[in-house]
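Grab a pencil and let's work through a few exercises together. Have a look at the sequence and the model first, then try each task before you read its solution.

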Amino acid sequence: MVNPQSKEPTMDITPSALTRRDFIAKSTIGAGMVLGAPSILKAKEEGSPSDDIRVGFIGCGKQHEVLYNAMVNIPGIHFVAAADIMKDRLGRTFGSIRSRFGTQIKRYLDVEEMLEKEDLDAVFVSTPDFWHAPHTVMALEAGCHVYCEKMMSNTLEGARSMVEAMDRTGRLCQIGHQRRSNPRYLFTLNELFNKYELPGQIVNINGQWNRALSSSQDIVSKPTILPKADILLKAGFDKGADKKLSEEELRHRFLNWRFYKDLSGGPISDLGAHQIDIFNWYLNARPVSVMASGGRSFFRDREHFDNVMCVFDYETPQGNARAFYQVLTTTSAGGGYYESFMGTDATIQISEREAYTKIYKESGVSDEVSAKWDQLVARGVLKKGAAGQAAGGSDEIASYASAPPDEYGLPGGLNKPPHQPHIENFFKAIRGEAKLTCDARHALESEAPIYWVNPAAESKEIINFTDEHLHT
Amino acid sequence: MSLKESDGNSLEYTLGMLLLRLWLAMRSIQAGIEKYAGTSAGAKPVNIDGAPNDYGLTEATSSKVYSLDNYQGVPAALYDKFKDEPFIPEWGLNLYNIILGPALIILGITLLLGLATRFTLFAMGLLYSSLTFGLILLKQDAGIAWLGTHIIMIVMALALAKYNRFAILKKW
């Protein structure tokens with residue numbers, strides 16, 4: 001197994017008995033290893049088939065397709081096997097890989113069987129939230145490096161068990177907060193925030209994901225391709241139900257697990273986790289409290305809130321700050337999805353979508369600050385956009401309205417699928433060429449406050465975080 | 001001097017015919033080749049301080065490329081509209097879509113080389129008439145008028161056919 005974190009490499013393997021798998025492990029764990037001989041180094045040259053990372057998939061649904069499509073252009077991967085309880089999905093994954101790469105993967109209906117029989121370097125976990133922790137722990141213990149989709153788990157305990165398993169096994173565990181590897185996000189944090197301090201003092205943060213009603217409907221599928229009741233029961237899709245469920249009800253839970261409390265964290269976790277993670281990452285701080293409100297305002301039969309609004313309070317080195325976040329599943333208007341950091345000198349609104357990314361320089365900044373911005377434009381660090389134009393009109397109340405800010409943009413974008421850099425980082429880390437940008441521990445540090453949004457909205461009380469709430 | 005009075009050796013008519021052949025051939029060949037045109041999207045690194053940035057930020061680039069894979073005889077937007085026309089059967093539309101590009105190129109080349117110029121001009125006129133028929137169905141009057149000028153030029157070329165020079169096959 002490829003194991004850059006291993007502290008106890010096996011030393012008793014003779015070169016003659018060295019398998020391809022062992023070879024990769026030996027050639028990446030590095031320092032002081034006898035196997036770092038020239039012949040071995042030659043074998044590890046770029047493009048060599050023996051360098052291929054053997055990949056398996058756990059879960060072959062929609063998010064799996066997103067991840068798979070984001071990795072098809074990454075060299076050095078050999079797809080080996082996939083597991084899912086739904087045969088039709090396995091067939092689609094099998095077909096996609098065969099038609100693109102001409103290779104046939106092994107298909108499993110049971111994850112444990114796949115992990116036991118296959119010699120895998122890495123697995124991608126994209127199962128429903130309530131299976132993330134068990135599958136990740138299982139795969140780590142089987143010796144695989146794991147890329148697991150966010151939210152880490154539907155429970156804090158589950159997420160903590162993943163961190164513990166990562167530490168115990170010494171394997172890598174990357175969590176799918178893909179923005180952390182996105183060049184646009186990294187550039188914004190490292191250059192615009194940390195190096196040039198463009199926002200000034202950040203006092204407010206505003207994030208949202210507004211999704212239309214049409215995108216929030218129940219998922220349906222042909223009954224003939226769905227798993228039978230006994231399989232769904234075995235997979236725990238009746239979790240939290242207070243009665244015996246019919247096959248139809250189980251299948252609804254299977255397709256729409258995001259609506260059920262014991263299977264997922266709901267919209268605040270599905271959509272909010274990515275963005276609230278950015279609040280914490282960019283501020284390099286964890287919130288001290290959360291207040292929230294939510295409701296089953298339209299989808300009254302769903303267990304989770306369909307609309308949630310929350311406010312996190314932060315204590316940062318610059319002073320206190322507040323972050324408002326809303327997730328709406330009934331309205332798409334209002335600018336889509338973004339995270340907006342509102343400072344005294346500038347607001348940087350960043351989004352995974354370039355179209356929603358905007359940078360505004362406050363109109364009242366000093367000449368010195370303005371000169372700095374002009375210089376950054378000249379150097380190519382920023383792109384100049386439209387100058388602020390006063391709206392004018394008879395309804396303007398001149399004494400209250402601020403002069404409009406000038407608009408700027410990031411100097412460039414990302415020409416890959418948004419998940420690709422994060423997956424590339426995972427593979428590089430496996431090869432010992434990079435550190436994970438979002439390992440399970442850092443992910444949990446960032447995710448832990450999110451687990452308390454739904455309880456805060458349910459209780460209508462402010463939750464002041466203690467170590468008990470947030471410990472990893 | 002009128003056409004009737006000329007003896008078939010008039011320099012001005014000969015040059016006029018040559019120009020018409022060149023124009024109609026160029027128009028036809030390039031229109032056919034353009035049906036194989038597409039756009040290749042790419043990206044290049046963004047420069048900061050005159051050097052490629054360290055983050056992998058890129059800006060989009062696009063360039064025009066020609067390839068057999070790009071072929072689309074009837075432009076996609078028109079194709080979808082023709083599909084709804086009761087006078088155009090789908091099999092006919094598919095066939096037309098396949099032959100239009102190659103037909104334009106072949107007719108253009110034969111006209112340029114002077115291979116059976118009169119029949120080539122007539123076939124080209126029929127092709128432009130068929131295109132006109134489609135545009136009549138879609139009520140695209142500007143396009144109809146534009147094709148009408150092509151037909152006028154073809155008729156002029158036919159009228160000047162006896163002044164045709166530099167032709168490989170003068171018969172027909």
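## Exercise 1: strands side by side

Strand β11 (residues 337-343) of chain A runs antiparallel to β12(A), and four bridges join the two. This is a predicted model, where local features need pLDDT of at least 70, side-chain atom pairs count only at pLDDT 80 or more, and totals for chains, interfaces and linings use all residues. Residues are numbered from 1 along each chain as its sequence is written, while chains are lettered from A and ligands numbered from 1 in the order in which they are written.

**Task.** Which strand pairs with β12(A) besides β11(A), and how well covered is β12(A)?

**Solution.**
- Get the terms straight: strands (E, at least two residues) and helices (H or I, at least four) are DSSP runs numbered from the N terminus, and two strands pair if DSSP finds at least two bridges between them.
- Start with β11(A): with β12(A) it forms a hairpin that has two residues in between. Here A:Ser340 has A:Gln349 in β12(A) as its bridge partner.
- Now turn to strand β13 (residues 358-361) of chain A, which pairs with β12(A) in the antiparallel sense over four bridges. A:Thr347 has its bridge partner in β13(A), namely A:Tyr360.
- Finally, check the cover: β12(A) (residues 346-350) has four of its five residues buried. Buried means 20 or more other C-beta atoms within 10 Å of the residue's own, exposed means 12 or fewer, and partly exposed is in between, with C-beta atoms placed from the backbone.

## Exercise 2: a helix with a buried side

**Task.** Which residues of helix α3 (residues 62-71) of chain A are buried, and what covers them?

**Solution.**
- Pick out the buried ones: A:His64, A:Leu67 and A:Tyr68.
- See how they sit: they span an arc of only 100° around the axis, so they are on the same side of α3(A). That arc is taken from the directions from the helix axis to the C-beta atoms.
- Look for the cover, which includes β1 (53-58), α4 (87-101), β4 (122-125) and α14 (420-430) of chain A.

## Exercise 3: one glutamate

**Task.** Where is A:Glu249, and why does it count as partly exposed?

**Solution.**
- Place A:Glu249 in helix α10 (residues 247-255) of chain A.
- Count its surroundings: A:Glu249 is partly exposed because 16 other C-beta atoms lie within 10 Å.
- Try a distance too: the C-alpha atoms of A:Glu249 and A:Phe237 are 9.5 Å apart, with the two residues twelve apart along the chain.

Terms used:
Two residues are in contact if their C-beta atoms, placed from the backbone, lie within 7 Å.
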